[in-house]
Each structure stands twice: as structure tokens, then as C-alpha cells.
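Here is a short guided tour to read beside the model. Please keep the sequence and the 3D view open as you go.

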Amino acid sequence: MAVKPQAVALVSSGSRGNKLLFYDSGIAKPHSLESELLNKLPQRTLAEILASCAVMQDRKFELRVDEWKFVGHPFLLQTSSWSISFNIAFVLQSTCSPEAVGSYNSLSRALGAALIHEEHRTEFFKNQYALLMQISDQVDTIDELSQKAVVSSYLAKTLHEALCGLQNGDPHVHVIMNDWSEISCLIHSEAPPTVPQSLTSSNTIAPKSIVRSYSAVILLTSFEDLTKRLPPSCNPSFHRFLTTISPLKNLIQVSLDADIPLQQAVKFACHLVHWGQAMTVYPLSETNVYINSPQADTKRDSQLASLFAKEFSSVAVDDSESLSEGADDSLSQFLFHFSAPVTLSEMRGLYTDEKLIPIVTWLLKHGQILQLHTYIFLIPPQDTKDRGMFDDDEEEEGENEPVHLSPETMANLLKHLSKEEVEWVSSTDAARDKDDLALFTKLSCYWHGNHHLEEILMLENMARSELLALIDKFSEILTTASIPERT
Amino acid sequence: MAVKCIFFSEFDPVAGPVISYQVPQEFPIREAFDAVHDLIITKPQLYDRLISVDAGGYRIVGCPKSIEDNRYARNALIFNFVLVFDEDTDTTYYEPVVQKLGGAFRTYELESHFLSTKSSKSTIPSILTQLLIRLNSTGICIIRIDDTNTLRLKVSPNVKDPPLVCDHHVPVFTQSSCQFKQLVKDLVAQEIIEYVNGFNHVAKISHLSEVSPVIVKECIQDLVIFGFVKLLSIFQYCNVYVPTQKLPQLMTEEELQTRCLQFVSLGDTRPKLADVFRILCSLEAGLSVKDLCFRNDPRSMSIDERKLIQFGIMEGLIHHLQKYPVLNRENSDIPTELQPLIKYLDGSHCFDEICCSLGVSNQTLDELIDKCIDITVCWK
């Protein structure tokens with residue numbers, strides 16, 4: 001669930017005392033928490049509590065009163081002609097996460113900094129201050145204040161815009177202060193990053209994806225939406241990047257096709273991921289193995305299922321015998337295919353590429369399926385004496401003389417493995433073959449399960465069969481596990 | 001040490017808001033207090049409200065109280081017992097404590113003028129000292145205030161979404177149950193403890209202990225909240241498990257290794273870590289525990305496969321792939337024997353749950369579902 005603000009307030013504290021210059025509850029419902037707040041806390045109290053910490057300038061402001069949390073960032077504005085301290089505070093529910101509080105603090109700081117900049121540039125705040133003071137003297141209720149202020153004050157309008165966007169569930173704030181200073185900010189949601197995001201509520205942020213040169217980028221919003229929102233001054237190569245990306249291409253290919261340096265392509269991808277507009281996956285290929293995510297939505301009439309139906313209503317099954325005749329192409333039907341690990345090439349038997357790739361992309365995007373990766377682990381061989389932790393019989397000895405490792409190999413192995421682990425290596429038969437041992441040594445940094453098979457192949461530029469053969473030869477001390485990876 | 005400092009602040013008729021007592025005495029809270037004293041000794045609109053504010057690198061949590069009476073100078077006594085934490089501490093556990101603390105002293109003042117009598121007021125520093133020590137050590141403190149009053153405070157986890165306990169869940173103790181038996185005073189818990197062994201599911205426990213299922217569920221829910229118990233799924237040899245991203249931790253964390261080997265051993269011999277890890281790595285979709293036993297013979301390596309699976313699930317090293325039957329169309333022809341099943345066929349109920357509610361075995365359910373071609377079974 002995204003954290004939606006209840007209201008925004010602008011308070012000032014200066015020669016004329018503490019003053020609530022502007023208070024707006026946006027589109028919040030009349031019976032929400034926020035109106036309750038106003039019933040209980042009169043305007044002046046609100047101004048006082050929000051301004052009371054104005055002595056702590058340029059620091060995070062976080063105040064909780066019962067079930068409300070006020071988050072802001074007080075500033076002291078000093079020019080040659082006047083000085084005043086002000087605080088733009090957002091009213092949140094007190095149960096919101098520390099991440100959300102941090103995001104709102106950044107937003108308040110960005111707005112405040114822009115306001116100060118505009119004051120130095122065009123005395124924007126001074127004018128707005130006078131205007132808002134005048135309005136607040138004329139009105140009796142806080143509702144009137146916000147209505148009148150939004151109509152006549154630029155500053156109030158800007159704050160109102162930011163607030164309404166957030167209340168509508170868009171976690172991105174993009175406003176322009178005084179038609180000049182641009183403010184962009186992203187409000188982080190409460191969802192812990194380990195849970196695959198579901199796009200049913202458009203306001204959740206993608207989990208932190210890992211961007212690597214072998215990753216492919218999948219947009220979470222539509223291409224049209226994204227390009228519409230880009231500022232006019234946007235880098236033209238970014239447009240090229242957006243038109244080139246595909247779930248089938250890794251960033252290296254994208255950089256070649258779009259004719260931009262790889263480093264820049266990676267930065268673009270990071271940028272999109274940071275702003276919650278994209279996620280990264282391992283590029284879709286025939287050998288990729290997928291399985292249902294534990295969070296997959298198998299419920300027949302769920303919101304996601306109807307979204308799926310809307311998106312892919314016309315997908316027909318090519319091989320009608322493989323499924324019961326006339327079966328619906330519902331989400332649960334597709335998830336059925338991913339009940340057991342399945343490769344894309346196996347799925348191709350059921351659907352053509354034009355249908356399959358969008359569906360798989362959609363399922364990945366909505367966290368319904370996960371890719372299984374193979375990881376490799378170094379473990380002690382079955383009959384060595386163990387590290388003293390276990391007492392076991394030591395019968396078969398003498399026959400298996402450990403292989404003598406050359407000092408050079410030894411040194412190379414020790415770079416990534418412990419002494420004990422090197423002993424395991426020397427006890428295997430496979431280590432007698434020089435070439436195999438050389439390859440094993442070269443790859444020794446990958447034997448702790450920190451890299452998946454595809455990554456190793458990519459980094460070492462190897463053939464899959466070559467690596468699998470090596471793992472097989474060293475099967476005494478290497479074991480593999482297929483583990484679903486959060487992409 | 002979560003609570004850095006506790007102070008008692010009041011409105012002095014001459015000096016205004018002051019800190020009358022604080023522990024530890026040398027704690028540098030003065031500056032922060034000066035910045036935010038408006039929120040500690042507040043305006044009447046903020047009385048009795050829980051207020052937490054960040055100042056000077058600290059998070060200050062208090063609940064201002066006031067008693068109006070013309071026997072006080074300025075006709076009111078305003079005071080606040082305040083807890084101080086580091087900034088960015090999650091203070092939700094302590095909030096009820098702060099509220100209760102203020103409320104209790106308000107009562108003591110109303111009943112016996114505790115705060116306005118010199119002799120009793122002078123005991124506040126020692127009360128605060130005890131509070132600080134106990135809150136930071138056990139989180140529970142019982143302090144005798146005077147002959148008639150005892151202050152009892154407890155820092156308790158605040159539960160946003162209590163875990164849902166279902167009939168088919170299998171509770172298991174996170175620590176040895178013998179230890180727990182001596183501690184627990186709850187009557188229901190005492191009744192059901194001996195049946196909580198990591199293999200009995202909730203419905204069975206209720207049946208065995210002859211306690212109503214509703215009460216068993218409530219009791220187990222409490223035990224889960226306080227971290228004594230974890231919920232697992234029913235163990236069966238036809239179950240399928242897959243490794244999770246946490247599995248590699250078993251190779252790197254020594255503490256986890258020791259616990260694992262101790263837990264999964266069959267009899268007195270400790271199994272080898274390599275064997276345990278190899279078996280867990282070999283888990284994959286489509287491979288039931290039965291197949292696993294045929295393939296690896298864990299018992300010959302002195303590994304108890306049931307314990308191994310239990311440990312894997314408890315530590316999140318493996319995940320149980322559950323079957324979810326989905327009826328594709330609601331109005332399709334369904335054999336009469338399947339009629340009682342229909343309400344479970346919307347894709348949100350797993351096999352364990354259905355078996356438990358209908359009292360049928362996994363195999364029977366499988367056979368029933370096979371009879372209708374309109375039902376697909378998703379694993380997840």
C-alpha cells in the first residue's frame with residue numbers, strides 16, 4: 001500500500017508570530033482522519049505545533065501526535081530585506097513506514113529549497129507570503145482558506161498539485177515552482193522490497209532490481225505514458241534507449257542497437273529502476289526456466305486475473321489437444337503451465353512466439369512467475385575426515401593419495417578458497433587432469449553460490465556444455481541447486 | 001539499550017516548563033528540551049495525546065497530563081513523563097508504556113497528591129532509575145509506588161496484522177518446549193503444549209487435547225506473536241519442496257549449521273553438513289519427499305528427513321510447493337461427488353486446507369479432482 005498524505009500545511013514563524021499560511025487536504029474525503037484532526041486541533045494550535053520546531057532549521061522534522069504524523073523540513077530564509085522561517089509539512093498516518101517518512105522529508109526539503117531559490121531570484125516567497133497573509137486574515141474557516149488560496153496563490157496551487165497527485169496514488173511528484181524550478185521526487189511505498197510487486201495497485205514500487213550488463217529491461221509503465229512525461233530537455237539517446245529495449249535483449253545488445261555506450265545504457269536502466277519505471281530480468285531465451293512465484297495469484301476471479309483477461313483476451317491455444325477443449329485462457333490456466341519448472345522452448349510447443357513473449361513478460365512484470373537459476377556450491381567430499389565437528393570412521397584410507405598441486409595452482413586456488421577447501425580439491429580424482437584442474441582453478445571464485453550459471457557463462461564467455469561437464473567431473477565436491485531468483 | 005533517558009517535566013509557576021528529574025542525570029537532553037518544550041508542556045489541546053518528536057538527534061516520546069484544581073499555583077498541574085530514544089528508533093513498542101505511565105501518575109496525584117507532596121515527589125528519581133533499568137533489560141517492570149499502589153508496565157510487541165491460524169497449520173516450538181512448560185502459566189497453553197510437536201496440525205491438536213478449535217487457534221496465535229511458535233504446513237511424504245534464496249546461508253553461517261545438524265540428527269550421531277546440504281540442494285519441483293528418500297536414503301546418513309524438512313521450512317531455506325485446484329468455469333458439469341468441493345475450487349484454497357476441512361486424505365482428493373477435466377491444479 002502506498003502512503004498517501006492526508007494534507008499539506010505551510011507554516012511560517014517570524015516577526016508576526018506563528019502563522020498557518022496554507023492548509024490543504026486535497027481530495028481527501030470529508031470524513032477522513034484529516035477532518036477529524038481539524039476538529040480536534042484548531043488552526044492556531046496546528047500552526048504552533050508545526051512552527052514550534054522552527055528553531056531546528058534545516059533538519060528533518062518529524063512530529064507525531066496520536067494517529068497523525070507531521071513530516072517536514074524547516075528552513076530559515078534570510079535576505080537583505082527580511083528573514084522568516086517556514087516549514088512545509090505533510091500530514092501522514094502515524095503507522096506509515098520510516099521509508100515513507102524519509103521520502104516525504106526529501107519532498108519537503110526539495111520544495112523548501114526551490115522556494116528559497118525562487119525568493120532569491122524573484123522575491124517569489126515574499127509576494128506569496130503577503131498574499132497568503134491577506135487571505136488568511138479575510139477568511140474564517142480553514143476550508144475557505146485553502147479554496148481561496150489555491151485560486152489566487154501560485155505557491156498554494158503548486159502544493160495543492162503535489163498533494164493531489166500523491167493522493168491519487170501516483171508516487172511520483174513532479175511540480176514546477178514559480179514556473180521555473182523543477183521538483184521531482186519519488187515517494188517510497190511501504191511494501192518491503194522482497195515482495196514481488198503487483199501492478200494491480202499502480203502505486204507500488206518495483207523491488208530493487210539488480211542492473212547488470214546482461215540484464216534486459218522491462219518497462220513497468222507503458223512506453224507512451226513514459227515518453228509523455230519526459231521533460232523537453234531530455235537526452236535524445238534516452239529516447240533511442242527506450243525504443244530499443246526489449247525483454248529479449250540484454251543491455252550490451254541494446255547499447256549496440258541504439259548506438260550508445262554500454263555504461264550509459266546501464267545508467268539509463270538504473271535510472272528507470274530507481275524511479276520505479278522499469279525492472280530488470282535475465283533476457284528471455286529458450287533455456288530460461290520459470291516456475292510459479294509463491295505469491296502467484298491463482299484465484300479465479302481476482303483483480304489481476306481480469307486484468308490478464310483484458311490484456312490477452314484473444315490468445316488462442318495452437319495445439320488444442322494439449323488443453324481441454326475450449327478452455328479459457330485465464331490467468332490460472334497459464335499459471336498451470338508453470339506448476340513445474342518449464343523452459344521457454346517447452347512453452348513454445350503450446351504458443352507461438354508472438355503470444356508467448358508478451359505473456360511471459362507480463363507474468364514477470366506482475367511477479368507471478370520467477371526464473372529458476374542454477375547455483376554451484378563447493379562442499380566437502382563424501383569421505384574426508386571432517387572439521388572435527390563430527391566423529392566418523394576413517395576406514396578407506398591410503399588408496400586415495402591426494403593430488404599434489406603445483407605451488408602456482410595452489411596460490412591461485414587460495415585466492416578464492418580456504419585452505420580446507422583446497423584440500424578437498426586435491427582429494428578428488430578429477431584434479432589429476434591438468435586441463436580440468438586449470439579450468440576449475442580459473443573459475444574458483446564462482447564456487448560459493450554467489451553467481452548463477454548464466455552469469456558465469458556470460459562473464460567467462462564459456463559454452464554451457466563446457467561448464468556443465470566440469471561440474472560433472474568435480475561432482476564429488478560440487479553440488480548444484482536450482483533456486484528461484486527474484487528478478 | 002533502547003531507552004536512553006527518562007525525565008519528569010512539569011510546569012513550574014515561576015520558571016515555566018522545566019525538567020525536574022532525569023535519569024541518567026548527566027544525559028545531555030537540555031538542549032533538545034529547550035527546542036521542543038512546547039510539545040512537552042503543551043497547550044490544553046494537546047493534553048493526553050501521545051506526542052513524539054525528533055530533536056537534537058533524539059526521539060522524544062511523551063504524553064502531557066494536566067490536573068485542574070485551584071489548590072495548585074495557576075490552578076493547574078501540568079506534567080509529562082518522557083522517554084528519550086535515539087532518532088530513528090522504532091518506538092511503537094514503548095508508546096503504550098508512555099501513555100500508561102502518565103495516566104498512572106495522574107491517578108496517584110488525584111488519589112493521594114503524590115506529585116504535589118514533597119516527601120512522595122522526592123521518590124520519583126528512584127522510580128525513574130528502576131524504570132530505565134527494567135525497560136532496557138527485561139521490558140517488564142513492577143514498581144511499588146506506595147502502600148496501596150503498584151505500577152506495572154510491559155513493553156509488548158505491537159501487532160498490526162495478527163497471523164492467521166488455520167486448521168491445517170502445524171505449530172512448532174522455536175525453542176525447546178521443556179523450557180517453555182515451566183514458564184507458561186496460561187491454562188490453555190498448558191493443555192495443548194504436549195501435542196505441539198511440529199507434526200500435529202491445529203485441528204488435530206484441538207481434537208487430542210479436547211479444547212475447542214477456536215480457543216486453540218487463539219492460544220497459538222498468541223504464541224506466534226510472542227515468537228514461541230512458528231506455523232508450518234502439514235508434513236506428508238507426497239509433499240514437494242524447493243530451495244529458496246536463503247539456502248546458500250547454510251553453507252556460510254556457522255551458527256545455523258550447528259543448529260541444523262543438532263536438529264536434524266537421527267539418534268545420537270551427528271550427520272555431516274555436506275550430506276544435509278546435498279539433500280536440500282537436490283530438492284526440486286516434481287520430486288516428493290518419498291522419492292527423495294529412495295534416492296538419497298537420508299536415514300543411512302543419520303538424518304531424520306522429517307526433521308530436515310521441518311528445519312528447512314522453519315528457517316525459510318526451503319518452500320513447500322502447494323497445490324491449488326481451480327475450476328475453470330463455474331457452471332460446468334460437475335459429478336455429484338464433487339459438489340461439496342465446489343466452494344474450495346476458486347484457486348485460493350490449497351490441498352492441505354481442503355483436506356483438513358473435508359476430512360479427506362490427499363490421495364482421495366487427488367482422485368476426486370481427476371474426475372473432472374475442468375479442474376486444473378496449479379502448484380506454487
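What follows walks from the contact between the two chains to a strand region, a helix and a few single residues.

This is a predicted model, so please read each value below as computed from predicted coordinates.

**Where the chains meet**

Let us begin with the interface. Chain B brings 55 residues into contact with 59 residues of chain A. Between them the two chains bury about 5,000 Å², and 54% of that area lies on carbon and sulfur atoms.

How many salt bridges are there between chain B and chain A? The count is 6. One to look up joins the side chains of Arg59(B) and Glu62(A), at 3.0 Å from N to O. Polar contacts across the interface of chain B and chain A come to 16 residue pairs, with both residues at pLDDT 80 or more.

Several elements of chain B share in this surface. Helix H1 (30-36), strand S3 (51-55), helix H11 (273-282), strand S12 (318-321), strand S13 (323-327) and S14 of chain B each give at least two residues to the side that touches chain A. H11(B) makes the largest contribution to that side, with 6 residues. By residue type, the side of chain B that touches chain A holds 27 nonpolar, 11 polar and 17 charged residues.

**Strands that cross and continue**

Strand pairing also links the chains. Strand S3 of chain A, residues 61-65, pairs with S3(B) in the antiparallel sense over 3 bridges. Within that pairing, Val65(A) has Ile51(B) as its bridge partner.

From there you can follow the pairing further into chain A. S3(A) and S4(A) are antiparallel and share 5 bridges, with Arg64(A) opposite Lys69(A). The two strands form a hairpin with 2 residues between them, and Asp66(A) in the turn has a positive phi of about 45 degrees. On to the next partner: S4(A) is joined by 4 bridges to strand S6 of chain A, residues 83-93, again in an antiparallel run. Here Phe70(A) stands opposite Val91(A).

Are the residues of strand S4 (68-72) of chain A mostly buried or exposed? Mostly covered: 5 of its 5 residues are buried. In a regular strand, side chains alternate between the two faces of the sheet. In S4(A), Trp68(A), Phe70(A) and Gly72(A) point one way while Lys69(A) and Val71(A) point the other, and all are buried.

**A helix in chain B**

Helix H14 of chain B spans residues 351-358, and its buried residues are Phe351(B), Asp352(B), Ile354(B), Cys355(B) and Cys356(B). These buried residues pack against helix H7 (202-209), S12, S13 and H15 of chain B. S12 and S13 of chain B are also among the elements that supply the side touching chain A. Just after H14(B) comes Gly359(B), with a positive phi of about 70 degrees.

**Single residues in loops**

Four loop residues are set side by side here.

| Residue | Loop between | Relative accessible area |
|---|---|---|
| Ile373(B) | H15 (362-370) and S14 (375-379) of chain B | 68%, exposed |
| Asp48(B) | H1 and S3 of chain B | 42%, partly exposed |
| Asp297(B) | H12 (289-296) and H13 (305-314) of chain B | 40%, partly exposed |
| Asn288(A) | S10 (278-281) and S11 (289-292) of chain A | 1%, buried |

Asn288(A) counts as buried because its relative accessible area of 1% is under the 20% cut-off. Leaving out residues up to four places away in sequence, Asn288(A) touches Tyr282(A), Pro283(A), Val342(A), Thr343(A), Leu344(A) and Gln371(A). Ile373(B) counts as exposed because its 68% is over the 50% cut-off. The C-alpha atoms of Ile373(B) and Glu337(B) are 14 Å apart, with 36 residues of separation along the chain.

The two aspartates deserve a look at their backbone. Phi is near 65 degrees in Asp48(B), a positive value in a residue other than glycine. In Asp297(B), phi is near 45 degrees, which is likewise positive in a residue other than glycine.

One more backbone feature closes the tour. Which peptide bond is cis, with omega near -15 degrees? The bond from Val23(B) to Pro24(B) is. Pro24(B) sits in the loop between strand S2 (16-23) and H1 of chain B.

Methods: Residues numbered from 1 in each chain as written. Chains lettered and ligands numbered in written order. Heavy atoms only, no water. Buried < 20%, exposed > 50% of the residue type's maximum accessible area, 1.4 Å probe, protein only. Contact = heavy atoms within 4.5 Å. Buried area = accessible area lost by both parts, 1.4 Å probe. Salt bridge = Lys/Arg side-chain N within 4 Å of Asp/Glu carboxyl O. Polar contact = N/O pair within 3.5 Å; in protein donor to acceptor, adjacent residues only side chain to side chain. Nonpolar A, V, L, I, M, F, W, Y, C, P; charged D, E, K, R; others polar. Pairing = 2+ DSSP bridges.
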